[in-house]
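Good morning, and thank you for the time. I ask that you look at the sequence and the structure together while I speak.

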Amino acid sequence: MLDHLGTLERTHTSGALRAADAGQEVTLLGWVNRRRDHGNLIFLDLRDRYGITQIVLDKDLCPEGHAKAEHVRPEYVVAVRGTVRLRGVGSTNPNMATGEIEIVARELLVLNDAKLAPFSPAEDAIANEEVRLKYRYIDLRRAEMQRNFLVRHKVALAVRENLAAQGFLEVETPFMTRSTPEGARDYLVPSRVHAGEFYALPQSPQLFKQILMISGFDRYFQIARCFRDEDLRADRQPEFTQIDLEMAYPQQETIFRVVEGFLSAAFRAVGIELPTPFPQITYDESMRRFGIDKPDLRLPGLTDVKEAFTAEQLGTLAITADLPVIALRIPNVGELSRKDRDENKPLFDGRKGAVKYIDDLKRLEKGFPEAAAQVRALVGGEAQDLVVIVAGDATKPAEGSETKSEGRLSEREIQVYSAAGAFRVELARKYADRHGAFAETDRVVAAAAAGMTQTLDGGTSATHLASGTAFQPIWVTDFPMFEQDAETGRWLPSHHPFTSPHEADMDRLTSDPASVRAQYYDLAMNGLELGSGSIRIHRQDVQAKIFEALGMSAEEAKERFGFFLEALEYGTPPHGGIALGLDRIVMILAGAGSLREVIAFPKTAKAIDLMVDAPTPVAPNQLRDLHIRTVLKG
RNA sequence: GGGGACGUAGCUCAGUUGGUUAGAGCGCUGCCCUGUCACGGCAGAGGUCGCGGGUUCGAGCCCCGUCGUCCCCGCCA
């Protein structure tokens with residue numbers, strides 16, 4: 001028998017009451033987290049998103065409520081009217097924010113019962129993801145998930161407030177727009193009115209935000225949903241949210257300051273101080289020092305140790321002499337066991353280019369004691385650090401172009417640096433327990449979370465933790481303007497075709513495309529790409545040149561981007577912008593290993609929503625309206 | 001498209017070389033209990049070993065296929 005709510009209203013949340021409230025008459029509503037039945041005395045833990053409060057039902061004081069409580073089960077929704085009472089000496093619970101008090105029930109209303117849940121939100125052990133995703137509403141009741149979404153809310157709010165304070169105006173752009181063939185695959189929306197034609201969901205509001213600059217909206221931002229029909233990863237969902245912004249007349253540094261402003265505000269909102277300005281590194285330098293364009297600065301970078309070897313030694317070791325010899329160091333790994341070595345082998349990705357690694361300085365010491373000692377000296381660190389050498393493999397044929405543009409890395413050099421960089425990431429992940437650099441991030445995240453549990457009502461966190469080495473943002477600048485397609489030899493834009501080249505490199509657009517630097521920048525943090533942006537092309541003649549360099553005819557360009565090229569001709573101010581992944585920022589701040597932990601209703605690796613069971617076939621008449629016939633393989 | 005891991009009770013997992021009736025913890029059900037808070041005690045229920053096929057006297061275990069979840073490569077301007 002369920003009770004009606006009647007005119008009852010909640011006076012306090014389950015996280016609000018403290019010792020100072022003793023004696024108050026209160027009404028609490030929430031879920032039954034746990035029930036402890038002592039016969040004539042029953043304890044209920046009442047849970048809502050603000051916390052947990054213990055309710056006492058005493059048969060002598062409230063026989064009716066006590067009788068109901070005997071039949072109450074986990075996840076029932078109940079209302080309690082009663083008195084806040086200080087718990088007796090020895091029965092307080094220091095692990096609970098409300099542990100000094102309890103509610104002595106005068107009346108218990110059972111507002112709704114609940115089937116036995118497939119897993120309990122009260123449990124520490126979490127169910128497998130398939131079950132969690134199917135019963136997402138149960139999963140989201142868990143304190144950890146509630147906290148993740150509080151973090152997300154605070155971050156989004158802080159970003160909006162900060163950008164508004166910096167003079168940015170939020171403008172919405174369409175979800176139903178035009179398909180552009182390059183880039184990611186589009187999610188398409190068939191048109192009923194126009195047979196055989198389709199809208200596309202935006203991969204990003206890129207062209208709209210540039211047009212907003214042409215429209216005079218100086219400083220635009222949007223917390224925008226984006227859609228990309230590509231295969232998923234832990235940090236990639238088919239729909240995701242970007243903090244998207246664009247501004248007129250910016251220098252690159254102007255945009256960096258804007259981002260540093262809202263990102264540090266976002267971190268501050270969850271109690272973490274992020275020092276500004278962020279460090280910067282060029283793409284080439286990032287490749288040299290980290291072998292990747294999204295460096296994780298929590299661990300030491302790469303060192304070129306070629307000078308430790310004589311030409312003869314390189315020959316004996318079958319190391320390609322004209323390529324860098326890279327040492328990478330992972331602190332405090334200690335001796336490698338046979339098992340370690342076997343496991344490490346597949347972690348090295350030597351597929352691209354003739355590259356190999358030497359994981360044992362000891363072996364090197366035997367044959368080449370001076371060289372090994374010099375390598376040690378060059379990479380620094382301690383004796384128990386793991387030092388691995390990655391170099392060109394002289395026994396394999398070289399792959400990739402030899403051409404080296406002035407001041408840039410050659411393709412073969414990049415192969416060595418990339419192999420070393422990727423290996424560094426893999427080894428860092430594998431030996432995380434030993435080097436301890438990632439644990440610092442976890443510690444700060446946990447401390448911030450603990451600070452927030454005290455203020456789950458959404459109030460400002462009292463804690464202000466120094467980020468220290470836990471969060472390491474870095475700007476990566478001067479990306480190459482073009483990448484050469486390995487198969488066709490065609491030059492492709494490494495960002496998008498509206499990115500402006502450096503003014504100084506403009507005259508080499510066709511003579512030496514590989515040497516052209518783009519005014520394109522990424523923001524990386526802890527080995528994760530948080531976002532990327534660029535100064536855009538604002539002149540139609542420059543835009544035409546870029547299309548030409550990309551081997552795109554004027555007709556083709558007009559066909560694809562005609563509306564935009566036309567817009568460029570009506571007084572376009574110099575402009576630029578950036579987009580940061582909101583989900584990824586929250587993922588870092590929540591200490592989550594996957595975007596699914598910070599997206600309320602995410603999709604599986606096969607892009608399925610297990611809760612609503614989407615996608616599904618649709619009724620034949622729906623397809624008929626849309627002029628669509630489906631043809632299934634097999 | 002490719003590689004890898006996993007799939008056994010509601011949940012988390014164990015299950016030896018292929019061998020009797022497939023186990024544990026938590027949860028659940030019933031009874032008992034007035035200071036618990038991961039309450040405790042007693043008793044009990046609960047299994048298409050993902051699915052299909054094969055090998056075998058005999059399959060949770062071996063083989064083939066398939067489905068699902070996760071991670072990675074490709075892909076993601």
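I shall speak about a sheet, the helices packed around it, and two individual residues. Please bear in mind throughout that this is a predicted model.

I begin with the sheet. It is open and consists of eight strands, arranged in the order β6-β9-β10-β23-β22-β21-β18-β12, with mixed pairing. At its edges are β6, residues 169-170, and β12, residues 280-282, each of which pairs on one side only.

Let us turn to β23 and its two partners. On one side, β10 and β23 run antiparallel and are joined by seven bridges; here Asp244 stands opposite Ala579 of β23. On the other, β22, which spans residues 528-535, pairs with β23 in the antiparallel sense over five bridges. Within β23, Gly576 is the bridge partner of Ile535.

How many of the residues of β23 are buried? Seven of its seven residues are buried. The cover extends to both faces: His575, Gly577, Ala579 and Gly581 are buried on one side, and Gly576, Ile578 and Leu580 are buried on the other.

Further along the sheet, β18, residues 473-477, pairs with β21, residues 520-525, in the antiparallel sense over four bridges. In this pair, Pro473 stands opposite Met525 of β21.

I come now to the helices. Helix α5, residues 206-214, lies across three strands, namely β9 (219-227), β10 (239-248) and β23 (575-581), and runs at about 25 degrees to β10.

Helix α5 also packs against another helix. Its axis and that of α16, residues 554-568, come within 10 Å and cross at roughly 20 degrees. Because angles under 35 degrees count as roughly parallel, α5 and α16 are described as roughly parallel to each other. Their crossing is left-handed. The residues in contact are Leu207, Gln210, Ile211 and Ile214 from α5, and Phe561, Phe563, Phe564, Ala567 and Leu568 from α16.

A second helix pair is formed by α4, residues 143-165, and α17, residues 582-590, which pack at an angle of about 130 degrees with their axes 9 Å apart. How are these two helices oriented to each other, given that angle? The helices α4 and α17 are oblique to each other, and their crossing is right-handed. On α4 the contact is made by Asn148, Val151, Arg152 and Val155, and on α17 by Leu582, Asp583, Ile585, Val586, Leu589 and Ala590.

I close with the two residues. Arg329 belongs to strand β14, residues 326-330. Is Arg329 buried or exposed? Arg329 has a relative accessible area of 17% and is therefore buried, since the cut-off for a buried residue is under 20%. Its side chain makes a polar contact with the side chain of Asp385 at 2.6 Å, and the side chain of Arg329 also reaches the backbone oxygen of Val379 at 3.3 Å. Setting aside neighbours within four places in sequence, the residues in contact with Arg329 include Pro300, Gly301, Glu382 and Leu386.

The other residue, Ile608, is found in the loop between α17 and α18 (620-625). With a relative accessibility of 30%, Ile608 counts as partly exposed. Beyond its neighbours within four places in sequence, Ile608 is in contact with Pro602, Lys603, Ala614 and Pro615. By contrast, the C-alpha atoms of Ile608 and His496 are separated by 29 Å, the two residues being 112 residues apart along the chain.

How values were computed. Residues numbered from 1 in each chain as written. Chains lettered and ligands numbered in written order. Predicted model: local features only at pLDDT ≥ 70, side-chain atom pairs only at ≥ 80, totals over all residues. Heavy atoms only, no water. Pairing = 2+ DSSP bridges. Contact = heavy atoms within 4.5 Å. Axes fitted to C-alpha atoms, helices over the stretch in contact; angles between N-to-C directions. Buried < 20%, exposed > 50% of the residue type's maximum accessible area, 1.4 Å probe, protein only. Polar contact = N/O pair within 3.5 Å; in protein donor to acceptor, adjacent residues only side chain to side chain. Parallel < 35°, antiparallel > 145°, perpendicular 65-115°, else oblique. Left-handed = near helix turned anticlockwise from the far one by under 90°.
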